[in-house]
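Biologist: Hi! Could you walk me through this model before I head back to the bench?
Modeller: Happy to, here it is.

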Amino acid sequence: MAKSEVRPEIPRCFPVVIEDDILYWMRNSHDSEIRGVIALKGHVDKNKLSRTLRLCMDAEPILGCGFKKRFFRPYWQMMDDLDKAASCDLVETSDYDTDISPFLTSLPPLDLFAGPQVKIWILRSTYDRIVFKMQHVAGDGGACAEFIRLLSETYTKFCENPNYR
């Protein structure tokens, strides 16, 4: 498996902060995924959105990491293939209300230990809906809102300039 192009200034490992460790220990007592849906008035470009997600993993590297639990000093370690991890799935649908349910409730959970800590699907009909899941150990509700802002701004800039980093 080829390694992703990672900017050299981005470290491969990051320390776990106390909140991450607490949420790790609590993960079996609650649903540890944050989910959301963004309704659009048009369509997104799947390949550009995947590339945007990859750029977001450069900006917020924990999103492209796996949680490495050790008795003393757990840490986040960057995945080897971030380009593959950042892929978005496109699902054609005619009934959002029926077809969105599996994305929000029954798909396999995100793998905290392997990563990535975020996943995106595009539900396409007359308009697109972006469905996303984020592992709560990697970020709280505020972090999720910041991720969506970052994704939106980065997508806009990437569409204007395909060389945007």
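Biologist: Thanks! How many helices and strands does the protein have?
Modeller: There are 6 helices and 7 strands. Helices (H or I, at least four residues) and strands (E, at least two) are DSSP runs, numbered from the N terminus. Along the sequence the pattern reads β-α-β-α-β-β-α-β-α-α-β-β-α.

Biologist: And how compact is the protein?
Modeller: The radius of gyration is 16 Å, close to the 15 Å that the globule rule gives for 165 residues, so the protein is as compact as a globular protein of that length. That radius is taken over C-alpha atoms, and the rule is 2.2 Å times the number of residues to the power 0.38. The C-alpha trace spans about 50 × 40 × 30 Å along the principal axes.

Biologist: Before we zoom in, what sort of model is this?
Modeller: This is a predicted model, where local features need pLDDT of at least 70 and side-chain atom pairs count only at pLDDT 80 or more, while totals for chains, interfaces and linings use all residues. Residues are numbered from 1 along each chain as its sequence is written, and side-chain values use heavy atoms, with hydrogens and water left out.

Biologist: Got it. What share of the residues is buried?
Modeller: Of the 165 residues, 42% count as buried. Buried means under 20% relative accessible area, exposed means over 50%, and partly exposed is in between (1.4 Å probe, protein chains only).

Biologist: What about the surface, how much area does the protein expose?
Modeller: About 9100 Å², with carbon and sulfur atoms supplying 56% of it. Those accessible areas come from the Shrake-Rupley method with a 1.4 Å probe, and for residues only the protein chains shown count as cover.

Biologist: What portion of the contacts comes from residues 24 or more positions apart?
Modeller: Such pairs account for 77% of the contacts with a separation of 6 or more. Contact here means heavy atoms within 4.5 Å.

Biologist: Let's move to the strands. How many residues of β6 are buried?
Modeller: Strand β6 covers residues 118-124, and 7 of its 7 residues are buried. Val118, Ile120, Ile122 and Arg124 point one way, while Lys119, Trp121 and Leu123 point the other way.

Biologist: Which strands are joined to β6 by bridges?
Modeller: Strand β5 (residues 89-92) runs parallel to β6, joined by 4 bridges. Strand β7 (residues 128-135) runs antiparallel to β6, with 7 bridges between them. Two strands pair if DSSP finds at least two bridges between them.

Biologist: Could you give me some partners to click on?
Modeller: Sure! Leu90 has Ile122 in β6 as its bridge partner. Going from β6 to β7, Lys119 is partnered with Lys133 and Arg124 with Asp128.

Biologist: How many residues lie between β6 and β7 in their hairpin?
Modeller: The hairpin has 3 residues between the two strands.

Biologist: Is β7 enclosed or open, and why?
Modeller: Strand β7 is largely enclosed by the rest of the structure, because 7 of its 8 residues are buried. Strand β2 (residues 33-39) also runs antiparallel to β7, and 7 bridges join them. One partnership there is Ile38 with Ile130.

Biologist: Switching topic: where is the cis peptide bond?
Modeller: It joins Gly115 and Pro116, with omega at about -5°. Pro116 is in the loop between α5 (101-106) and β6.

Biologist: Which residue has a positive phi although it is not a glycine?
Modeller: That's Arg73, with phi of about 60°. Arg73 is in the loop between β3 (65-68) and β4 (75-78), and counts as exposed at 58% relative accessibility.

Biologist: How far is Arg73 from Asp95?
Modeller: They are 22 residues apart in sequence and 47 Å apart in space, C-alpha to C-alpha. Asp95 is in the loop between β5 and α4 (96-99), and is partly exposed at 34% relative accessibility.

Biologist: Last one: is Asp58 buried or exposed?
Modeller: Asp58 is buried, with a relative accessible area of 5%. Asp58 is in helix α2 (residues 46-59). From Asp58 to Glu146 there are 88 residues in sequence and 15 Å in space, C-alpha to C-alpha.
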